[in-house]
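Student: I would like a close look at one part of this structure, and then at what lies around it. Please take it step by step.

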Amino acid sequence: MSANQGLFKNKIFLITLSFLLVIILAAGIFGMEYSSVVSENNSKNSQINALESELNDLSSKNAENESKISNQQKERDELNSKIKQLEDEVSRIKLLKAQKSSSAKPSTSKTPSGTSNNNSSTSGPKVCYLTFDDGPSDNTLKILDILKKANAKATFFVVGTSKLDYIKRIHAEGHTVALHANNHDYSKIYKSEQAYFDDLTKLSNKVKNLIGIESKIIRFPGGSSNAVSRKYNKGIMTRLTKQVQQKGYVYVDWNVDSTDASGNNISKARILSSVKNNCKGKSNICILMHDTAAKKTTVDALPEMISYLKAQGYRFDALTTSSPIFHHGLNN
Ligand SMILES: [Zn+2]
């Protein structure tokens, strides 16, 4: 081996060595960089975990608060309904008191509860309760004009018609706005007690919004004696008549049928003769009539009906919760 060859080998050895050193150095730097990224990542992950657990805590606290709020709202609703019940009771007692003090004058003969009113006593005043079901309608204002002229008060058992606004005038003129049904569909309201009361509440709210009064006087569609309801729910009238009274309502049937609903265009003469025949011997009468656009003959018969009854000694009162009771026998 020459001296030149030895020098050349040394050079190659040095170059290889420095190349290896460079590689080792680079690997070291890269390793350090990598481990710092990993540790940073780990610390971020633990921060995320801490935040997540904090979030869980907060949302469980939130759920707790929400359930507390809903409990408080329930309590408030219960209290409000109790207050309403008490207010109703107070107004009923006031009414009774007023009636008692006014009956110190000539006393109205009252029929005991649970019987139909068929009082034939001729002493004391004779009272007629004119009642109009199924309105308001195109005929309502005509009926109101006739009543005003005759200075007679009446009761309107209303349904949720598009003319419900007319109850403002009915109320303003001293007549009673009473409840019939929001939806006069037997198959719907007599399906269940719940369905009946849902419907009644809907109507009651509409009436309250218009005249500010929660009416407690009701008439069942078809009357309490209807047997049609049996088709939809056996025994429902027996249960409803009890339940409405438990809820503070007074239900009113009738003891004189004008027969204006027994067909289309029942003649004025027939309406008048039905009323005349049916009121014989009764000192308190509750006459069933209908306030719908189709019942024009009812409107036609009304002035003569009122004159006839006045001549028989009747006065015309609007129904109150303390009026004589007019109940039919139950058929379902
Ligand atoms: Zn009706």
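How much space lies in the largest cavity?

Tutor: This is a predicted model, and in it the largest cavity holds about 30 Å³ of space. The structure has one cavity of 30 Å³ or more.

Start with the lining. The residues that line the largest cavity are Asp260, Gly263, Asn264, Asn265, Ile266, Ala294, Lys295 and Thr297. Sorted by class, this lining has two nonpolar, four polar and two charged residues.

One of the lining residues is Asn265, and its backbone deserves a look. Asn265 sits in the loop between S6 and helix H7 (268-278). Its phi is near 50 degrees, a positive value in a residue other than glycine. Asn265 counts as exposed, because its relative accessibility is 63% and the cut-off for exposed is over 50%. So Asn265 lines the cavity and also counts as exposed at 63%.

From that loop, step back to strand S6, which spans residues 256-257 and contains Val256. The relative accessible area of Val256 is 0%, so Val256 is buried. Apart from neighbours within four places in sequence, Val256 is in contact with Val275, Asn278, Cys279, Lys282, Ile285, Cys286, Ile287 and Leu288. Take Lys282 from that list: Val256 and Lys282 are 26 residues apart along the chain, and their C-alpha atoms are separated by 9.6 Å.

Further back along the chain is helix H6, residues 236-246. Its buried residues are Ile236, Met237, Leu240, Thr241 and Val244. They lie on the same side of H6, because they cover an arc of only 130 degrees around the axis. An α-helix has 3.6 residues a turn, so residues three or four places apart point the same way. Lys242 and Gln246 are exposed on the other side of H6. The buried residues pack against helix H5 (193-211), strand S4 (217-218) and strand S5 (250-251). After H6 comes Gly248, with a positive phi near 90 degrees.

The last stop is the zinc ion. Its coordinating residues are Asp134, through OD, and His180 and His184, each through NE2, at 2.1 to 2.2 Å. Along the chain these donors follow the spacing D-x45-H-x3-H. Asp134 and His184 link distant parts of the chain, 50 residues apart. Asp134 belongs to the loop between strand S1 (126-133) and helix H2 (140-150), and His184 to the loop between strand S3 (176-181) and helix H4 (186-189).

These two zinc donors can also be compared by accessibility. Asp134 has a relative accessibility of 17%, so it counts as buried, the cut-off being under 20%. His184 has a relative accessible area of 33%, so it is partly exposed.

The backbone at Asp134 recalls that of Asn265 in one respect. Phi of Asp134 is near 75 degrees, a positive value in a residue other than glycine, and phi of Asn265 is likewise positive. The loop between S1 and H2 also contains Pro136. A cis peptide bond joins Gly135 to Pro136, with omega about -5 degrees.

How values were computed:
Residues numbered from 1 in each chain as written. Predicted model: local features only at pLDDT ≥ 70, side-chain atom pairs only at ≥ 80, totals over all residues. Heavy atoms only, no water. 1 Å grid on protein atoms, 1.4 Å probe; cavity = no way out; pocket = protein on both sides within 12 Å on 5 of 7 lines; lining within 4 Å. Points joined across faces, edges and corners; volume = space filled by probe spheres on them. Nonpolar A, V, L, I, M, F, W, Y, C, P; charged D, E, K, R; others polar. Buried < 20%, exposed > 50% of the residue type's maximum accessible area, 1.4 Å probe, protein only. Helix = DSSP H or I, 4+ residues; strand = E, 2+ residues; numbered from the N terminus. Arc of directions from axis to C-beta. Contact = heavy atoms within 4.5 Å. Donors = N, O, S within 2.8 Å, 3.2 Å for Na, K, Ca; no water.
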